[in-house]
Amino acid sequence: MLPDYQGIGLGGIILDYCGKYFTKKEFKFGITTSQPSLNFALKRKKNWNLIRVGRMKNKNDIAALKKRASSNRITTSWFYQDK
């Protein structure tokens, strides 16, 4: 069962807050995801920059991660930039 607040955008608000907080402290802040709805939400935000789209390329990396990750999913990497 999903919580009552599922889907109202709290995740995006928290990501924006963390991005702003860490970039003000002169850290780089980014995430990698394969979740389609998160990709769509980040694409609409002006402070998030898409830096990579794809699958893992190194076969050794794929073999090492098969136990804990899906190597067949397309992933995206995003970085926050305070504008």
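Just after helix α1 of this predicted model, residue E26 takes a positive phi of about 65°. The helix that E26 follows is one part of a chain whose secondary structure comes to three helices and three strands, and these elements follow the pattern α-β-α-β-α-β when read along the sequence.

The elements discussed below have these residue ranges.

| Element | Residues |
|---|---|
| α1 | 10–24 |
| β1 | 30–33 |
| α2 | 36–44 |
| β2 | 48–54 |
| β3 | 75–80 |

The strands form an open sheet of three, arranged in the order β1-β3-β2 with antiparallel pairing. Because β1 and β2 each have a single partner strand, they stand at the edges, and one side of each is left without a neighbour in the sheet. From one strand to the next, the twist averages 20°. The pairing of β2 with β3 is antiparallel and runs over six bridges, and within this part of the sheet G54 stands opposite T75 of β3.

Helix α1 packs on the sheet and touches β1, β2 and β3, with its direction making about 50° with that of β3. How far apart are the end C-alpha atoms of α1, and what should its 15 residues span? At 1.5 Å a residue the helix should span 21 Å, and its end C-alpha atoms are 21 Å apart, which agrees.

The buried residues of α1 are G12, L15 and G19. Seen down the helix axis, these buried residues fall within an arc of 60°, so they line one face of α1. An α-helix has 3.6 residues a turn, so residues three or four places apart point the same way. The buried residues of α1 pack against β1, α2, β2 and β3, whereas I13, I14, Y17 and K24, on the other side of the helix, are exposed.

One of the buried helix residues, L15, also belongs to the largest nonpolar core, which has seven residues in all and is completed by F29, I31, L42, W48, W78 and Y80. In soluble globular proteins, nonpolar side chains tend to be buried together. Within this core, Y80 can be followed further: leaving aside its neighbours within four places in sequence, Y80 is in contact with D16, G19, K20, T23, F29, N47 and W48.

For the chain as a whole, 22% of the 83 residues count as buried. Among contacts between residues at least 6 apart in sequence, 68% join residues that are at least 24 apart.

Methods:
Residues numbered from 1 in each chain as written. Predicted model: local features only at pLDDT ≥ 70, side-chain atom pairs only at ≥ 80, totals over all residues. Heavy atoms only, no water. Pairing = 2+ DSSP bridges. Helix = DSSP H or I, 4+ residues; strand = E, 2+ residues; numbered from the N terminus. Axes fitted to C-alpha atoms, helices over the stretch in contact; angles between N-to-C directions. Contact = heavy atoms within 4.5 Å. Expected span 1.5 Å × (residues − 1). Buried < 20%, exposed > 50% of the residue type's maximum accessible area, 1.4 Å probe, protein only. Arc of directions from axis to C-beta. Core = buried A, V, L, I, M, F, W, Y, C linked by side-chain atoms within 4.5 Å.
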